[in-house]
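Visitor: I am in my first year and still learning to read structures, so I would like a close look at a single part of this one. Could you take me through its open sheet slowly, and then show me what surrounds that part?

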Amino acid sequence: MYHPDLIRHPDSCPALVLNADYTPLSYYPLSIWPWQTAVKALFLDRVDVVSYYEREVRSPSARLKLPSVIALKQYVRPSQFPAFTRFNLFLRDKFACQYCGSHRDLTFDHVIPRAQGGRTTWENVATACAPCNLKKGGRTPQQAAMPLYLQPIRPTSWQLQEHGRRYPPNYLHDTWRDWLYWDVELLA
């Protein structure tokens with residue numbers, strides 16, 4: 001009987017990257033490296049291997065099991081504030097329209113419209129579904145009688161990481177689970 005990792009293509013064997021304190025560099029997006037980057041970092045002595053896949057890569061003179069979990073040897077200090085991107089905005093707002101709560105057809109909306117001097121900043125942009133964005137138009141929430149569920153704020157990286165834990169990635173290798181969910185309540 002073959003282990004599933006043995007028939008897996010190396011390109012589907014990414015390595016989970018942990019910081020030097022053995023916490024994930026990032027939850028969302030999950031910090032993973034392609035196998036080639038992980039092997040290169042291993043040979044450059046920049047990481048320690050915590051766990052391996054059963055899958056090997058071979059050269060004419062060597063065999064190497066692919067790392068599934070690696071830890072950086074030098075601690076990388078996370079930035080305090082995340083980049084202002086569409087994805088991070090949706091993550092801040094938990095992938096929900098801030099006017100009606102819908103999770104479908106999401107876009108973003110300037111709370112104070114640009115035509116009225118509103119800027120594209122964390123504090124003035126909210127997630128909106130297309131119908132609510134169209135309904136609100138070039139008006140403020142007060143003018144459109146459409147109150148926001150939450151006032152937009154500039155989130156910290158920690159806040160986005162906490163929101164990201166609610167949306168696990170589609171693929172989690174078994175060797176990753178111990179490192180991603182170490183702070184959940186244990187069942188007796």
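Guide: What follows is a walk through the sheet, strand by strand, and then a shorter look at the cores and at one histidine. Please keep in mind throughout that this is a predicted model.

The open sheet is formed by four strands in the order E2-E1-E4-E3, and the pairing within this sheet is mixed. Its edge strands are E2 and E3, the latter covering residues 47–58, and each of these two pairs on one side only.

Let us begin with E1, which spans residues 15–18 and has both of its faces covered, since Ala15 and Val17 on one side are buried, as are Leu16 and Leu18 on the other. In a regular strand the side chains alternate between the two faces of the sheet. E1 pairs with E2, residues 32–33, in the antiparallel sense over two bridges, and in this part of the sheet alanine 15 stands opposite tryptophan 33 of E2. With E4, residues 63–72, the pairing of E1 is parallel and runs over three bridges, and here leucine 16 stands opposite valine 69 of E4.

Moving on to the other edge, we find that E3 and E4 run antiparallel and are joined by eight bridges, with valine 49 standing opposite isoleucine 70 in E4. Helix H2, made of residues 35–43, packs on the sheet and touches E1, E2, E3 and E4, while its direction makes about 85 degrees with that of E4.

Now for the nonpolar cores. The largest of them has 15 residues, and those with the most contacts inside it are Cys97, Tyr99, Leu106 and Cys132. Helix H3 (86–92) and strand E6 (125–129) each supply at least two residues of this core, and E6 gives the most to it, with three residues. If we leave aside neighbours within four places in sequence, cysteine 97 is in contact with several residues, among them Leu106, Cys132 and Tyr149. A second, separate core has 12 residues, including Cys13, Leu30, Leu66 and Trp176.

Finally, consider histidine 110, which lies in strand E5, residues 106–110. Histidine 110 counts as buried because its relative accessible area is 13%, and the cut-off for that word is under 20%. Its side chain makes a polar contact, at 2.8 Å, with the side chain of threonine 120. Leaving aside neighbours within four places in sequence, histidine 110 is in contact with Arg119, Thr120, Asn124, Val125 and Lys136.

Note on methods: Residues numbered from 1 in each chain as written. Predicted model: local features only at pLDDT ≥ 70, side-chain atom pairs only at ≥ 80, totals over all residues. Heavy atoms only, no water. Buried < 20%, exposed > 50% of the residue type's maximum accessible area, 1.4 Å probe, protein only. Pairing = 2+ DSSP bridges. Polar contact = N/O pair within 3.5 Å; in protein donor to acceptor, adjacent residues only side chain to side chain. Contact = heavy atoms within 4.5 Å. Axes fitted to C-alpha atoms, helices over the stretch in contact; angles between N-to-C directions. Core = buried A, V, L, I, M, F, W, Y, C linked by side-chain atoms within 4.5 Å.
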